[in-house]
Amino acid sequence: MSRAPAPHGRTGRPPLTSRAQILVAARGLIDRDGWEKLTIRRLAAELGIGATTLYHHIRNKDDLLLLLLNHHIQQIERPPLPDDPRERIVTAALVMRDALQAWPWAAEVLSADGFVGLLDEPAMWMVEAIVSGAGDHGCTPEQSVGLFRGVWYLTVGEVLVRAHSARRRDEGRPFAHRDDLDPAQVPYLAAIGVRWAPLAARDVYPRTLGTLVDGLLAGAGGGGGGDDDGSADRRWPDSGAVVG
């Protein structure tokens with residue numbers, strides 16, 4: 001008479017778990033409950049293993065989130081990047097916006113300066129495309145970082161505001177838009193009134209992005225742009241070209 005298999009996570013030999021299975025289960029939990037509620041214990045229970053077994057694959061929650069982010073970014077299809085520096089920046093930024101809209105929790109996790117250093121090199125391609133576009137346009141390294149930061153702030157703000165607004169609507173508690181504003185106090189807002197909601201819902205990101213990039217590139221090559229530290233020149237490594 002054969003013995004029934006031991007239940008997972010209780011007795012008998014623990015089930016084999018691959019990193020791919022861990023990432024699939026973690027993403028499922030995030031999509032269902034949100035990234036804030038993801039814990040090692042909950043993930044282990046989802047996989048039917050003990051938390052100790054899971055720690056053989058990942059160090060902690062932060063490590064898990066970085067694995068997820070790097071894997072997600074590397075799965076994104078890379079579009080052909082234009083040779084024109086300005087268009088390369090815009091193309092990469094639009095891909096970045098679309099990727100974050102599909103997975104807005106990633107924007108939450110990465111909403112702090114310095115996140116680029118946490119990514120694996122293959123996952124840095126969008127950042128590299130934006131910075132290289134700035135450098136090829138004539139920006140100094142300082143200006144290029146400033147340009148990326150401006151694009152990144154615009155993109156994260158766009159994604160998070162859209163995601164949070166959608167969540168409030170789904171929960172039946174959207175913010176109200178008033179139609180009783182006093183024109184004597186706020187004449188322009190009173191003129192807009194409840195039209196604010198449909199106007200704000202329009203997708204103006206591409207146009208806003210283009211305007212921002214054009215403005216940040218406008219001072220390139222002459223030491224302008226507000227992000228140089230005043231040094232005489234700046235060299236990009238491996239190129240030997242002096243910019244700025």
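A pocket, on a 1 Å grid over the protein atoms alone, is an open set of points with protein on both sides within 12 Å along at least five of seven lines, while a cavity is a set of points where a 1.4 Å probe fits but cannot get out; lining residues have an atom within 4 Å of a point. Grid points are joined across faces, edges and corners, and a volume is the space filled by probe spheres set on the points.

The model is predicted: local features need pLDDT of at least 70, side-chain atom pairs count only at pLDDT 80 or more, and totals for chains, interfaces and linings use all residues. Residues are numbered from 1 along each chain as its sequence is written, and side-chain values use heavy atoms, with hydrogens and water left out.

**Exercise 1.** Describe the largest pocket and its lining.

Solution. Start with the volume, which is about 540 Å³. Next, the lining: 19 residues take part, and Val161, Ser165, Arg169, His177 and Ala200 lie nearest the centre. Then assign elements, where helices (H or I, at least four residues) and strands (E, at least two) are DSSP runs numbered from the N terminus. Two or more lining residues come from each of helix H8 (141-170), helix H10 (196-200) and helix H11 (205-217). H8 gives the largest share, nine residues. Finally, sort by class: Ala, Val, Leu, Ile, Met, Phe, Trp, Tyr, Cys and Pro count as nonpolar, Asp, Glu, Lys and Arg as charged, and the others, Gly among them, as polar. The lining then has 10 nonpolar, five polar and four charged residues.

**Exercise 2.** Do the same for the second largest pocket.

Solution. The volume is about 290 Å³. There are 16 lining residues, with Ile30, Gly34, Pro104, Trp105 and Arg167 nearest the centre. Helix H1 (19-33), helix H6 (105-109) and H8 each supply at least two of them. The classes are eight nonpolar, two polar and six charged.

**Exercise 3.** Find the cavities of 30 Å³ or more and characterise the largest.

Solution. The search of the whole structure returns one such cavity. The largest cavity holds about 150 Å³ of space. Of its 15 lining residues, Ile73, Met96, Leu100, Leu110 and Met126 are closest to the centre. Helix H4 (61-75), H5 and H7 give two or more residues each. In this lining 14 residues are nonpolar, one is polar and none is charged.

**Exercise 4.** Determine how H5 packs against H7.

Solution. Axes are lines fitted to C-alpha atoms, for helices over the stretch in contact, and angles run from 0 to 180 degrees between N-to-C directions. The axes of H5 (residues 85-102) and H7 (residues 125-137) come within 8 Å and cross at roughly 160°. H5 is therefore roughly antiparallel to H7, a label for angles over 145 degrees, with under 35 counting as roughly parallel. The crossing is left-handed, meaning the near helix is turned anticlockwise from the far one by less than a right angle; clockwise gives right-handed. Contact (heavy atoms within 4.5 Å) involves, among others, Ile89, Ala93 and Met96 of H5 and Trp125, Met126 and Ala129 of H7. The contact residues divide into 11 nonpolar, three polar and two charged.

**Exercise 5.** Determine how H5 packs against H8.

Solution. The axes lie 10 Å apart at an angle of about 30°. H5 and H8 are therefore roughly parallel. Their crossing is right-handed. The contact is made by Ile89, Ala93, Met96, Arg97, Leu100 and Gln101 of H5 with Leu147, Val151, Trp152, Thr155, Glu158 and Val159 of H8.

Conventions:
Parallel < 35°, antiparallel > 145°, perpendicular 65-115°, else oblique.
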